[in-house]
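Visitor: I have a protein model on my screen and no idea how to read it. Could you walk me through it?

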Amino acid sequence: MNQRSTLKVNSLGHLEIGGCDAVELAKQFGTPLYVFDEAYIRKMMNTYTKSLAENYDGKGIVLYASKAFSCKAIYKIAKSEGIGVDVVSGGELYTALSAGFPADKIYMHGNNKTPEELEYAVQSGVGTIVVDSYLEADRLEKICGEKGVKQSVLIRINPGVEAHTHAYVQTATPDSKFGFSIANGTAEDITKYVLSKENIALKGFHCHIGSQIFEKQSFVLAADKMMNFIAAIKNSTGFEAEVLNIGGGFGIYYTDEDPKLTSKDYSDYLKALCDEIKAKAGELGLSRPFIALEPGRSIVGEAGITLYTAGAIKEIPGIKTYLAVDGGMFDNPRYALYQSRYTVVAAGDMNAPCTQKVTIAGKCCESGDIIAVDVPMPDVKSGDIIAVLSTGAYNYSMASNYNRNFIPQAILVNDGKAETIIKKQTYEDIVRNDVIPERLK
Ligand SMILES: Cc1ncc(COP(=O)(O)O)c(C=O)c1O
């Protein structure tokens, strides 16, 4: 639990978040339940904005990467904090716009945006579209020509820095489906192609080197390579990028294997990036570009917890103990997808010593439906409330109705108040789009 978090243990020995007792929240709203700490989210948004102001004279924008957690309320919070957002689909764009988010502060990503998504983005007045293929440049040129719009775009570049949690590797032959490689020359080729278009206005470049990164040098190296690329393009074409979008990827705490970063640590990531960009601009004789950042996980990840009710407990002697909860891969598929690790606690008995290791299993018909493996737990009984921490990012946004389970409700907590931001689904929602063809009736 870090300095930004409102997570604590209250006088009853219960987990508390945003001034609310987690056991009471579970009683009031039912489980599974996503709980989001509003103060945490605002603090993180603010940390990045302040750091940009301090280290780069505010010549930039923080874009919340809304793929991490998208719903109307989060766009309202982002708007009130004065930041922008990045969206990656028509659905995220629609959600942002329907929450009244200003279109000019939206950046649209995606390695294969559909023609409909591109058209929707252009006609909605989305500020910037990040181009990631020749096909997309052609489609945009046509759509913008028909609509009489000149659309600002960036090009997604692969700088050849592959970041891992605590390290980075430089790759000369990147095999990512995202972006165009500097190393093999395709980045320069697409730049010339986009510059030849009449209806799209190239403003600069974008890169994103990965996620859950703690190594400052990874970001610095990416900035260094991008600035060299900007200089090379200026030399070969005369075009000087005004905008450099450096992506997201700042890591968060899930378990004791991860560092616990302070707000100053996050601010320092930005400082290192800004210092590098300023130094390179001087060295290469470039103007300082307007910079954009796209943190997602680090804004909402640790702000979220998921509450479950313990169900069946199954001990397989000499092998393991399964504690099944009333959720699973349908609300959190991250263990099934990439063996992600989590901290799990008994929300109603926070001071009890851990006496066993249990594997938290979901209720789906799938052996891989696991939330966390071999986590230390006190003695827990069926009916107890189990909390999984750091579930704010890429949980709800990756949820599904697998086995026709409900995607859980989400609430926002702040100063002892809890408000629904996403309603619980109903059986009616589950069958809403089902159609029985006439001949089967
Ligand atoms: C283009 C882009 N920007 C930003 C992000 C956000 O990354 P994170 O949530 O790790 O900050 C992602 C994540 O995949 C991304 O692909």
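Guide: Let's go from the overall fold down to single residues.

Guide: First, some ground rules. This is a predicted model: local features need pLDDT of at least 70, side-chain atom pairs count only at pLDDT 80 or more, and totals for chains, interfaces and linings use all residues. Residues are numbered from 1 along each chain as its sequence is written.

Visitor: How many helices and strands does the protein have?

Guide: Helices (H or I, at least four residues) and strands (E, at least two) are DSSP runs, numbered from the N terminus. Here you get twelve helices and 23 strands.

Visitor: What does the radius of gyration tell me here?

Guide: You take that radius over C-alpha atoms and set it beside a globule rule, 2.2 Å times the number of residues to the power 0.38. For 441 residues, a compact globule would come out near 22 Å, and the protein has 23 Å, so the two agree. Along the principal axes, the C-alpha atoms fill a box of roughly 70 × 60 × 40 Å.

Visitor: What share of the residues counts as buried?

Guide: Count the other C-beta atoms, placed from the backbone, within 10 Å of a residue's own: 20 or more is buried, 12 or fewer is exposed, and in between is partly exposed. In this protein, 48% of the 441 residues count as buried.

Visitor: How do I read two helices that pack together?

Guide: Two packed helices are described by the angle between their axes and the distance between the axes. The axes are lines fitted to C-alpha atoms, for helices over the stretch in contact, with angles from 0 to 180 degrees between N-to-C directions. Take helix 2 (residues 38-56) and helix 9 (residues 263-284): their axes come within 9 Å and cross at roughly 35°. Helix 2 contributes Lys43 and Thr47, among others, while Ser263 and Tyr266 are among those from helix 9. Contact means C-beta atoms, placed from the backbone, within 7 Å. The residues of this contact divide into six nonpolar, five polar and two charged. For that sorting, Ala, Val, Leu, Ile, Met, Phe, Trp, Tyr, Cys and Pro are nonpolar, Asp, Glu, Lys and Arg are charged, and the others, Gly among them, are polar.

Visitor: Which residues are closest to the ligand?

Guide: Look for residues whose C-beta atom, placed from the backbone, lies within 6 Å of the molecule. There are 16 around the ligand, and the closest are Ala65, Ser211, Gly248, Gly296 and Arg297. That shell divides into five nonpolar, eight polar and three charged residues.

Visitor: Where is there a cis peptide bond?

Guide: Check the omega angle: it is about -10° for the cis bond joining Thr31 and Pro32. Pro32 sits in the loop between helix 1 (22-29) and strand 4 (33-37).

Visitor: Is Ser390 buried or exposed?

Guide: Ser390 is buried, because 25 other C-beta atoms lie within 10 Å. Ser390 is in the loop between strand 21 (385-389) and strand 22 (409-414), and its phi is near 60°, a positive value in a residue other than glycine. Arg404 is found in the loop between strand 21 and strand 22 too, with a positive phi of about 55°. Arg404 counts as exposed, because it has 10 C-beta neighbours inside 10 Å.

Visitor: And what does Thr391 touch?

Guide: Beyond its neighbours within four places in sequence, Thr391 is in contact with Tyr34, Gly304, Ile305, Thr306 and Asn332. With 28 C-beta neighbours inside 10 Å, Thr391 counts as buried.

Notes: Two residues are in contact if their C-beta atoms, placed from the backbone, lie within 7 Å.
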